[in-house]
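Please work through the exercises below with the sequence and the model side by side. Each task is followed by a solution in steps.

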Amino acid sequence: MCSILEEDFMYEKSTISQELCKNIDVLCKKCLDNIAMIKLQKKHHYCKDCFVNIITHKFRATLGKTKLIKPDDKVLIAFTGNQSSITLLHLLKLGVNEQIHKRFKFHPVILFIDESIFWPKEKRMVDLPKIMKALKNSGFKYYITKLSSIYDNYTFQDINDVNDISCLKENESDNKLLSLFHNIQSDTSKTDFLLRLRYQIQFKIARILNYNKIFTAENTTDLSIRVLSNISLGRGLQVSFDVAVCDQKIPDIYLIRPLREITSKEIVFYNVFNKIESLAVPSIFPMMVYNSLQHETELFVYQLQEEFPSTVYSVFHIGEKLKTYAVKENMCHWCHNPILLDTSGVTCLKESMVHIMSKYNWDKPDDKDDEEITNKNFALPSLLQRIPGYENAKQRDIAEWINGEIKKDTHCGNCISNRMTQKLKQSLCYGCQHILDDMKSLDYLPIGILHETVAEFQANELRKEIEDFLL
Amino acid sequence: MSKICLSNSFPLTVQFGGGAELLFNNTKKHDVILPQKENPWTLRLLIAWLKENLLTEKPELFVQGESVRPGILVLVNDQDWELIGELDYELKENDNVLFISTLHGG
Amino acid sequence: MPIQCNNIGCKKSAILKRPKTSDKICKECFFQSFETEIHDTIVKNNLFHPGEKVAIAASGGKDSTVLAYILKLLNDRYNYNLNLFLLSVDEGITGYRDDSLETVKKNRDDYDIPLKILSYEELYGWSMDNIVKQVGRKNNCTFCGVFRRQALDRGAAILEADCLVTGHNADDIAETILMNILRGDISRLSRCTSIITMGENSIPRCKPLKYAYEKEIVMYAYFKKLHYFSTECIYSPEAYRGYVRSFLKNLEKIRPSAIIDIIYSGENISIRDDIVLPNRGICKKCGFISSQNICKACMLLEGLNRGLPKLGISKRHKRCKFWLEQCKHILICPQGSKMTSLGRTQHMIQIKESLFNSFL
């Protein structure tokens, strides 16, 4: 077929005016006084001061527009150490030190989630103290936790000695975390899972500390990349949550993105102009070599941006125009986004060929899927054993019950595991199911994120049994 | 401005940030001395020179074609290179050239 | 050692790995599953009703060839009881259609389906070659695409079809979703995933291959030895779509299910209630669906006939500017300078529309 689909229209290439001759300095378009130091969207030139003012203004305007921040509010600032989060700290610091009439009246408290377990050791030793120092210098109160705290009931600490990073030294939970990620077979799912875990920890700790507002440092560029990668991960339904200025997928917590109107280029220049040292945060992938949908999307956006400078904004604004329906009963247990129950469209396609085949009486059904599930989940009973309260279950001895269940079922020794995995899958959204599919084993899944699923499962199983008994 | 420099050197500070330093021996600041040549040094030539002489890892993560990879920002003396002619900018002695990656990790 | 087909009970050796499911299967199982999936799509979405006259948009390319072959096969196998025929459009591009029309004619003979060919010259009075002579190569794809869309609808109407089927595959749909996101075109984004598009005065169009991967279509055609024509249009696609296409291919390489996941995302997107979408009305001139008073095709055609080919290509405000420039000598806008930019634009649109209507 021809490349033009039905409703095509012409997309005009931006014409880049080459008004610049070498050696002639361009003046700032705002003050018309100083030499321009930055060029935005290939057309706007600003000097240092005007640019920094614009950014500060954008930040304050974004916060103001939310109308959510009240005086004396306590706000948890999610700090990762990347360039945007350093900018966020700087802007907040300016805000609380402003003259009285412009001063921020809320109280920022920082939460740093340490992911350095994924970094090379030397890097860790050099970069962690730098981050600690940046935290200390911010002048705000701060808490520190580790990504692996998902195994330790989300414990966190408020240490104030920058040289003391002993609380961040490797422990057993870190090894579990490494094994968990090692078990995920694709970089795409690793990246996605990491993002979901970060949110999970932020939410949990905000709850523990009794905060209901979180600031994250995601910028326009990040978010437009998020829109596109969400689309290719099958997370279209969640786009509006994941990029909203105020993300309320969890009803009792507001996740606010005050940098969402600022692009990554602006962030970099803001930091350079303010002489803020950048702390390079290495990723979970050493040497930036990885093969994920998210990274591919990022490269694509930057590439396109070179030629069509409005790309980032167009994509970002699409995210703003979408809605999502928050379904309380049907929330994904991993990412807290709504699960769609509708089984038309693609979902019918995913219900493997087996189904379609048997429906139209063609050939014998195959049970490849069951086989796969069985292989993956033979360890589930042991998983159940790791659930707190499992040992001394109040009403009955669940262990015995499970063993009995396994024996009862003569066809398939792992039937309960199968049902459990089915249940787990049902409790996840389309996107998170992909992550589950990419996990070689469920052995290292933290109890924290399994708890709800297992509790529901147990309740269901018990109910079923009682019903059977009564019949 | 005396362009004719009798010494055989062209000193320059090159800095990397935002993760780009990982490709350059994990060092953020390099004081380099470019060989003197007849034609002026441009950013285009500098990028090619860096690729040959300073880059220690995976060139494809730094260069694309004769320019830097999209997502890496270039600043000369804190000024956006888009304002000064990008690749065609003629370097001056003791210029401070900064490459910052905005690309993410994971 | 040959790998055995993943389908249990099938002892044959596998010849291919399905990109969608990673199943390794043999030729027969592939045919069966590919065909059954399309049948399933047709049944689940109620695409056809018995006794209907169905026009298959045939270009001679792989998609439409496979579509024609499979519809014929399914029609016989499951007794859809459809009256199928092929509908081709001749854009009038030297060398491009000559061969592909031969292919369509061969399809007609091979599958025993009647064929109707309509030319741009017949429908619009302009062949593509003439259009290119007039507008150059920059915007020609716009003309071709806009005209083709209507050509098929017009053809289907002339031949009194109940339904028009096109060969858009999963890759095409995913690509369109990405394009609309990158352009920030929210209303097209919400529309582009539906498998049937309905409109007043227009015949329903549907896409039975919506969930079929391009790769599988090619493999199917190859193993079935279907004859198709595979030269790209000589006026190759615009750069922008090219970027998106190669991006999609990269995504597919990383995670083959990405294409279907993008479609899933697209199907589940819904627009906020307070966003006002442009009304889809009917073109005053030709009666086809259009979001403007005058549809794109009529606009382009008007431009061609008037020797102003830029008309209808550029965006609205640019068009206004163009019109204003054309009419400077008869009209000066006195309030212009005092108005807000939005007010000015709207004012210009009014002026333009009144001018345009007077021209028609």
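The exercises that follow concern a helix pair and a domain contact in chain C.

This is a predicted model, in which local features need pLDDT of at least 70 and side-chain atom pairs count only at pLDDT 80 or more, while totals for chains, interfaces and linings use all residues. Residues are numbered from 1 along each chain as its sequence is written, and chains are lettered from A and ligands numbered from 1 in the order in which they are written.

**Exercise 1.** Describe how α5(C) and α6(C) pack.

Step 1. Helices here are DSSP runs (H or I, at least four residues), numbered from the N terminus. The axes of α5(C), residues 128-135, and α6(C), residues 140-158, come within 9 Å and cross at roughly 145 degrees, where axes are lines fitted to C-alpha atoms over the stretch in contact and angles run from 0 to 180 degrees between N-to-C directions.

Step 2. Met128(C), Ile131(C), Val132(C) and Val135(C) of α5(C) meet Asn140(C), Phe143(C) and Cys144(C) of α6(C), contact being C-beta atoms, placed from the backbone, within 7 Å. By class, this contact has six nonpolar, one polar and no charged residues.

**Exercise 2.** Locate the contact between the two domains of chain C.

Step 1. An automatic or database assignment gives domain 1 (46-268) and domain 2 (281-359) in chain C. Domain 1 of chain C brings 16 residues to the contact, and domain 2 of chain C brings 11 residues.

Step 2. On the side of domain 1 that touches domain 2, α5 and α6 of chain C are the elements giving two or more residues, and the largest share, six residues, comes from α6(C).

Key
Contact = placed C-beta atoms within 7 Å. Nonpolar A, V, L, I, M, F, W, Y, C, P; charged D, E, K, R; others polar.
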